[in-house]
Amino acid sequence: MKFFNSAVAIISLVLTFSASAHISLKQSTPAQEAMLMKSPEQLSLTFGGEVRLAKVIIKDEKNKSINFDFKPSSTPSTDFSWSLPSLPQGTYTVKWIALGGDGHKMTDTFRFMVHKSESQKMMQEQSNTHSKHNH
C-alpha cells in the first residue's frame, strides 16, 4: 500500500508539473511577425494560464531598449498590457520572462515591424523636395 501511495503522489506531481510547464503565450498585440503601418499604441500579452511576469523587454534593431514603464507583476494573471511610446520605423524584438504557479520559469521572444505609411512617405518626400528648393 505504501508503494501505491508513493506512486500516485509521484504521478500527480509529474502531471501537475507538465500542466504548468505548458502555459505559453496565447496571443500578443502586436502579433508575432506583424508588419504595422504605424506605431502600435499598446503592447498586450495573453497567456494560456495565470503567470507572474518577471521581465518584458522591447529592443529596436540597434539593440536599444525601449522604455515603456514595465514593472514585474506581483499577482498572477493571464492578461497584461502597457502603453507604448511612438516607435519609429524599424524591427522590434519583445522578450518576456514569466513564472508559472509552480515557479516554473518560461521565456520567449517575438518580433514585429513598423513601416512608414504611404501618407508618411509622401510627407517625407514633400519635405525633402521642399528642402531642395531652399538651397
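This passage describes the fold, strand pairing and nonpolar core of a single chain in a predicted model.

The chain of 135 residues, of which 29% count as buried, holds two helices and six strands, and from the N terminus on these elements follow the order α-β-β-β-β-β-β-α. The mean pLDDT of the chain is 82, with 70% of its residues reaching 70 or more. Over residues 8-20, however, the pLDDT is below 50, and beyond near neighbours in sequence this stretch has four contacts in the model. Where pLDDT is low, the predicted coordinates should not be read in detail. For the chain taken as a whole, 60% of the contacts between residues at least 6 apart in sequence join residues at least 24 apart. The accessible surface of the chain amounts to about 9,400 Å², and carbon and sulfur atoms account for 55% of that area.

Several of the strand pairings involve β5 or β6. Strand β5, which spans residues 90-99, pairs with β6 in the antiparallel sense over ten bridges, and the two strands form a hairpin with five residues between them. In the turn of this hairpin, Gly103 has a positive phi of about 85 degrees. Among the bridges of β5 with β6, Leu99 is partnered by Lys105, while the partner of Thr91 is Met113. Strand β5 is also joined to β3 by seven bridges, and these two strands run antiparallel; in this pairing, Lys55 stands opposite Ile97 of β5. On the other hand, β6 (residues 105-114) runs parallel to β2 (residues 34-36), to which three bridges join it, and here Met113 of β6 stands opposite Met35.

Two residues illustrate the surroundings of these strands. Thr91, which lies in strand β5, counts as buried because its relative accessibility is 18%, under the cut-off of 20%. Leaving aside residues up to four places away in sequence, Thr91 touches Lys59, Asp60 and Glu61 as well as Arg111, Phe112 and Met113. Leu36, by contrast, belongs to strand β2 and is partly exposed, with a relative accessible area of 21%. With the same exclusion of residues up to four places away in sequence, the contacts of Leu36 are with Pro30, Phe112, Met113, Val114 and His115. The C-alpha atoms of Leu36 and Lys116 are separated by 8.3 Å, although the two residues lie 80 residues apart along the chain.

The largest nonpolar core of the chain has 24 residues, and those with the most contacts inside it are Leu43, Leu45, Leu53, Val56, Trp82 and Trp96. The elements that give two or more residues to this core are β3 (42-59), β4 (77-83), β5 and β6, with β3 supplying the largest share, seven residues. In soluble globular proteins, nonpolar side chains tend to be buried together. Among the core residues named above, Val56 touches Leu43, Leu45, Phe68, Phe70, Trp82, Val94, Lys95 and Trp96, not counting residues up to four places away in sequence. Strand β5, which contributes to this core, is mostly covered, seven of its ten residues being buried.

Notes. Residues are numbered from 1 along each chain as its sequence is written. Side-chain values use heavy atoms; hydrogens and water are left out. pLDDT is the predictor's confidence in each residue, from 0 to 100. Contact means heavy atoms within 4.5 Å. Two strands pair if DSSP finds at least two bridges between them. Helices (H or I, at least four residues) and strands (E, at least two) are DSSP runs, numbered from the N terminus. Buried means under 20% relative accessible area, exposed over 50%, partly exposed in between (1.4 Å probe, protein chains only). Accessible areas come from the Shrake-Rupley method with a 1.4 Å probe; for residues, only the protein chains shown count as cover. A nonpolar core is a set of buried Ala, Val, Leu, Ile, Met, Phe, Trp, Tyr and Cys residues joined through side-chain atoms within 4.5 Å.
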